[in-house]
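Reader: I'd like a close look at one part of this model, the nonpolar core. Could you walk me through it and then work outwards to whatever backbone oddities are worth a check?

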Amino acid sequence: MSIRYDEANRIFELDTRNTSYRIGIVDEEGFVGHIYYGQKIRPQKCDQFLRTCEAPFVPSKNNRERCSFMDTFPTEYSGNGIGDYRESCIAVKTANGSRTVDLKFVDYDIVNGKPGISGLPASFAGEEEVQTLVVHMMDGGCGIDVDLIYSVFEDENVITRSVSVKNAGDRDIRLTKVYSACIDMDDEDFEMLTLHGSWARERQIERRPIAYGKQSVSSLRGESSHQDHPFMAWMTKGTDQTTGDVYGMHFVYSGNFIAQIEKSQFDSIRAVMGIHSEGFEWWLTPGETFTAPEVVLTYSHDGLGQMTRNLHDFYRCHMIRSRYLHQKRPVLINNWEATYFDFDTDKLLAIAKSAAEHGIEMLVMDDGWFGHRNDDATSLGDWFVNENKIKGGLKHLVDEVNKLGLKFGIWMEPEMISPDSELYRKHPDWAFAVPERTATLSRNQYVLDLSRKEVRDYVYECVHNVISSANIEYVKWDMNRQLTDIGRGDRQGELAHRDVLGVYELQERLVNDFPDLLLENCSGGGARFDPGMLYYSPQIWCSDDTDAIERLSIQEGTELIYPLSTMGAHVSDCPNHTVGRSTPFMTRAHVALAGTFGYELDITKISEEERAMIPEQVSMYHKYNDLVREGDYYRVASYRENGLYDCWMVVAKDKSEALVTYVQVLGRPNVHSRKIKLLGLDVATDYRLDGTEKVYGGDLLMNAGMLIETMRGDYMSRLYHFVLDNSLT
């Protein structure tokens, strides 16, 4: 049993394989307090850490200092306007104008299994895998019932949290803030880790000390965003890949969010995560319920690396539903950087023919095939084929590609509308806009208001018709701009969230109607790379920046929390279209091998030397992908930190093999070979370096290391594949 209630001491005990989480019920009023989260402990009385026997004491013993008590008590979910001046988790507007929320414990349920969340992506598990605790709370003054929901995933050392709020009164109320999780604990001189960036440089790792006051990352862009990521961790100073205490919080949501840590006057910290409250207002009529998205919590005593592997296993086992989860994805070639908008049937078939001859397995037709779209200024919303380009129609093209032995995929941007489109001329009101204001263009396009059913139905009909019209086996679903002008109708405060719910509804319909479809989400690159999207698509385009060296830091930040199999990664042309850098063709392949692997170039125009390398690279993908997709990821070294080289490895779950990728970013003169220490191997096992007769003990490779010979030139790379040595068996 992973969840127990110690009735004598009024303590909830939540345990995973290696971690424990403790919640206490205090005083006859029913304050719900956070006692402990960390390394696993035995069931025992531990409520002393709530410090209720110290001044200012609990209100039943010292009601004259209720305010001081509320401002220090380590609450499990903070109310509003009751003397706790730290960040609140919930706020309301009642009919009489009150905004106060004071939640108290009522009852609890412990159930087997993992309940879903209606309309939202959420983790899943069988009844035998997971237990769920529901802590029932209420505030009779404003008439709400609040459930704090905890699901314990023992094997992955993960606890998920969400919150539901019910209007239990007889008058309408408005929720103005509903966060999904809150953790209060003593500060241990923690550092905060977040992921920041911009277009073409997403998910850059940043560490900083936690100062007094509030420090946060957030998005108000209508998406999880290029700029900040719905993830944060806090860790003891000096934490590295293998040592240190790490707490991670990750939001299963694709819209506006806040992730915040606040250090108080008493040297405690409060970590909160949820939908951003700015502009948010949700109406609840009597009997209605609002459920907040899920937050994923994990703790590691063994540094960042173990946090990473906890999250990788959790997402593979309990978030990604696609049948492609445990399958090799087809090696594709996308025509975007090959042609941009300048293509037709003949050009695509020429690319497909050469691709098929070199072992590539799928052609993806990117932007520019519909309406009269010859640049990015027109036709979004007009999802019918431009037969001036696609001569003979879409089915004819797909059939011809299939005859060459290739699968076919297509790009779409269903959430958007161009001012120059038949759809906009017919339905200008379908775009987000503020009446009597000049609408905000971005990339010369507007955003469709997916909070409206008629818009969602139109969008889905278009997507369904395109996919049904031919043998289309892959869709790249893009979203190339952020939301603005959300301000029409009586319930403007609901629109941003309802738009995200609309995206989820569309993709849920898509994966149900086309269960064999390989869906890849994208948002101008990696602006909507989040756990919510993984619920619908097993892979997400990592970044529009395909330069192998820029990808080192982008992919390092992504791999910190996401399985490698979720990262869309391609070999592209050089000089790179984003940064102008030229890197060796094989280095580009080695870096892309850490993701889904494919090509983004005109295969008919690259050199004969590079074209001849493609079959070798495709063979390399097929040899290693099972290991990369299913194995345990270890970060050995970071170019972001050392400025010279990058190294990561993937180890099979049974320790039977390991693949080490080493990238020499900068060559240096007059130096010895570099010694690196591997991770994650079996110390009692001997490993042979594949392709050689060299045998090394796992203990030697991890404790003494291995030598990497210096390579001549910048941007060079090598793979080292270690397998069990069977020479003695």
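Author: Start with the largest nonpolar core, which has 191 residues. Which of them touch the most other members? That would be Trp 234, Trp 369 and Tyr 599. Keep in mind that this is a predicted model.

Take Trp 369 and skip its neighbours within four places in sequence: the contacts that remain include the aromatics Phe 343, Trp 383, Phe 384 and Trp 411. Val 385, Ile 390, Ile 410, Met 412 and Val 466 are in contact with Trp 369 too, and so is Asn 386. There's also a second, separate core, this one of 22 residues, with Cys 647, Leu 679, Ile 708 and Tyr 720 among them. As a background point, nonpolar side chains tend to be buried together in soluble globular proteins.

Now for the backbone. Tyr 599, one of the three core residues picked out above, falls within the span of β31 (598-600). In the loop between α11 and β31 you'll find Phe 597. Phe 597 isn't a glycine, yet its phi is positive, at about 70°. Is Phe 597 buried or exposed? Buried, with a relative accessibility of 1%. For context, most residues other than glycine have a negative phi, and most peptide bonds are trans.

Asp 27 is another non-glycine residue with a positive phi, again about 70°. Asp 27 sits in the loop between β3 (19-26) and β4, and it counts as buried because its relative accessible area is 11%, below the 20% cut-off.

The strands on either side of that loop belong to an open sheet of 4 strands, ordered β1-β2-β3-β4 and paired antiparallel. Its edges are β1 (3-6) and β4, each of which pairs on one side only. From one strand to the next, the twist averages 15°. Between β3 and β4, which run antiparallel, there are 8 bridges, and one of the bridge pairs puts Gly 24 opposite Gly 33 of β4.

Follow the chain on from β4 (31-39) and the loop that leads to α1 (66-70) holds Pro 56. The peptide bond joining Ala 55 and Pro 56 is cis, with omega at about 15°. Cys 574 and Pro 575 are likewise joined by a cis peptide bond, and there omega is about -5°. As for where Pro 575 lies, look in the loop between β30 (571-572) and α11 (585-592). So your list for a backbone check would hold the two cis bonds, at Pro 56 and Pro 575, plus the positive phi values of Asp 27 and Phe 597, given that most peptide bonds are trans and most residues other than glycine have a negative phi.

How values were computed: Residues are numbered from 1 along each chain as its sequence is written. This is a predicted model: local features need pLDDT of at least 70, side-chain atom pairs count only at pLDDT 80 or more; totals for chains, interfaces and linings use all residues. Side-chain values use heavy atoms; hydrogens and water are left out. Helices (H or I, at least four residues) and strands (E, at least two) are DSSP runs, numbered from the N terminus. Buried means under 20% relative accessible area, exposed over 50%, partly exposed in between (1.4 Å probe, protein chains only). Two strands pair if DSSP finds at least two bridges between them. Axes are lines fitted to C-alpha atoms, for helices over the stretch in contact, and angles run from 0 to 180 degrees between N-to-C directions. A nonpolar core is a set of buried Ala, Val, Leu, Ile, Met, Phe, Trp, Tyr and Cys residues joined through side-chain atoms within 4.5 Å. Contact means heavy atoms within 4.5 Å.
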